[in-house]
Amino acid sequence: MNILSRLVTLLMAVLLVASAAQAQTKTAKRPRTSKKDEVITISTPQGDIRLVLFEQTPLHKANFLKLAESGFYNGTTFHRVIPGFMIQGGDPNSKDTDPDNDGEGAPNEKMIPAEIRPEFRHNPGAVAAARTADFVNPQRASSASQFYIVQNPQGTPHLDGQYTVFGQVISGQEVVDKIAQQPANERNRPLTDLKMTVKVEKLKKKKITELYGYQY
């Protein structure tokens, strides 16, 4: 084999190795998307609310699913309801007999880093994480368990970019409306306990779209 032939052979080998490496890189970077998703059902005296959580907010999704599947939310209440605004729940304090500590959260609870994304807005039915105010929480980290659901039919755009929106109601927004209309005291706490139970069911995304019209 002459020198020219050897150079051509070597060049072809280098190109083959480079092509293989590029193919592996593309394969490694390609995200794996599941064909299934979790549907969360929040059952209340006013009816059932069903929602899905966003894959793009993985910390909040994993945290909510962990709590829901462990039974943490069962027996907690929607302790703050404001018609024309939102309903809030998920505080473990709401399980006890002291209504005055509802919303305070557990002492020294570990907060979740913010996952505020511009594409997720406070539209009707948006599920977002509650948090403490900016002056004590400039990073806008989220509560370990408390969440709220937007009830206002026009949404609450003034909250966009300030709180992590991590899910969306796909069925039962009328139940959110009923809960928001419950009689409440001056602190917006319902006069009767609005207790919830929460369950998680995994379904094919295609089935979720068929049942609830939610588009992925």
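User: Which two strands form a hairpin with two residues between them?

Analyst: Strand 1 and strand 2 do. Note that the model is predicted. To read a hairpin, look for the pairing sense, then for the register of the bridges. Strand 1 covers residues 36-44 and strand 2 covers residues 47-53; they pair in the antiparallel sense, over five bridges. For the register, take Ile42, whose bridge partner in strand 2 is Ile49.

User: Where is there a hairpin with three residues between its strands?

Analyst: Between strand 3 and strand 4. In the turn, Gly84 has a positive phi of about 80°. The two strands are antiparallel and share four bridges. Here the register can be read from Ile82, which stands opposite Met86 in strand 4.

User: How many helices and strands should I expect to find in the whole chain?

Analyst: The protein chain has four helices and eight strands. Their sequence order gives the pattern α-β-β-α-β-β-β-β-β-α-β-α.

User: What is the order of the strands in the sheet?

Analyst: Sequence order and sheet order are separate readings, and the second comes from the pairings. The eight strands make an open sheet with the order 3-4-6-5-7-2-1-8 and antiparallel pairing. Strand 3 and strand 8 (197-204) are the edge strands, each pairing on one side only. From one strand to the next, the twist averages 25°.

User: Which strands does strand 7 pair with?

Analyst: Strand 7, residues 165-171, pairs with strand 2 over four bridges in the antiparallel sense. In that pairing Arg50 stands opposite Ser171. Strand 7 is also joined to strand 5 by three bridges, again antiparallel. There the bridge partner of Ala128 is Val165.

User: How much of the chain is buried?

Analyst: Burial is a matter of relative accessible area, and the cut-off used here is under 20%. Of the 216 residues in the protein chain, 40% count as buried. A single element can be read in the same terms: strand 3 is mostly covered, with four of its five residues buried. Strand 3 is also an edge strand of the sheet.

User: Which residues have the most contacts inside the largest nonpolar core?

Analyst: Ile42, Phe78 and Phe147, in a core of 26 residues. The elements that give two or more residues to this core are strands 1, 2, 3, 5, 6 and 7, together with helix 2 and helix 3. A second, separate core has 17 residues, including Val52, Ile82, Met86 and Phe120. Of these, Ile82 and Met86 are the residues that stand opposite each other in the pairing of strand 3 with strand 4.

User: Now the empty space. How many cavities of 30 Å³ or more are there?

Analyst: Rolling a probe the size of a water molecule over the atoms shows where empty space is left. The count here is one cavity of 30 Å³ or more. The volume of the largest cavity is about 60 Å³.

User: What lines the largest cavity?

Analyst: Among the lining residues are His60, Asn63, Phe64, Tyr73, Ile112, Gln146, Phe147 and Phe166. Phe147 is also one of the residues with the most contacts inside the largest nonpolar core. Helix 2, residues 58-70, gives the most to the lining, with three residues. By class, the lining has seven nonpolar residues, five polar and no charged.

User: And the pockets: which residues lie nearest the centre of the largest pocket?

Analyst: Arg80, Gln88, Ala130, Arg131 and Gln146, out of 18 lining residues. The space in this pocket is about 360 Å³. Strand 3 and strand 4 each supply at least two lining residues. The classes divide into seven nonpolar, six polar and five charged. Gln146 also lines the largest cavity.

User: How much space lies in the second largest pocket, and what lines it?

Analyst: About 180 Å³. Its lining includes Thr33, Asp37, Leu53, Phe54, Glu55, Lys61, Phe120, Lys205 and Tyr216. Five of the lining residues are nonpolar, three polar and four charged. Phe120 belongs to the second nonpolar core as well.

Notes:
Residues are numbered from 1 along each chain as its sequence is written. This is a predicted model: local features need pLDDT of at least 70, side-chain atom pairs count only at pLDDT 80 or more; totals for chains, interfaces and linings use all residues. Side-chain values use heavy atoms; hydrogens and water are left out. On a 1 Å grid over the protein atoms alone, a cavity is a set of points where a 1.4 Å probe fits but cannot get out, and a pocket is an open set with protein on both sides within 12 Å along at least five of seven lines; lining residues have an atom within 4 Å of a point. Grid points are joined across faces, edges and corners, and a volume is the space filled by probe spheres set on the points. Ala, Val, Leu, Ile, Met, Phe, Trp, Tyr, Cys and Pro count as nonpolar, Asp, Glu, Lys and Arg as charged, and the others, Gly among them, as polar. Two strands pair if DSSP finds at least two bridges between them. A nonpolar core is a set of buried Ala, Val, Leu, Ile, Met, Phe, Trp, Tyr and Cys residues joined through side-chain atoms within 4.5 Å. Buried means under 20% relative accessible area, exposed over 50%, partly exposed in between (1.4 Å probe, protein chains only). Axes are lines fitted to C-alpha atoms, for helices over the stretch in contact, and angles run from 0 to 180 degrees between N-to-C directions.
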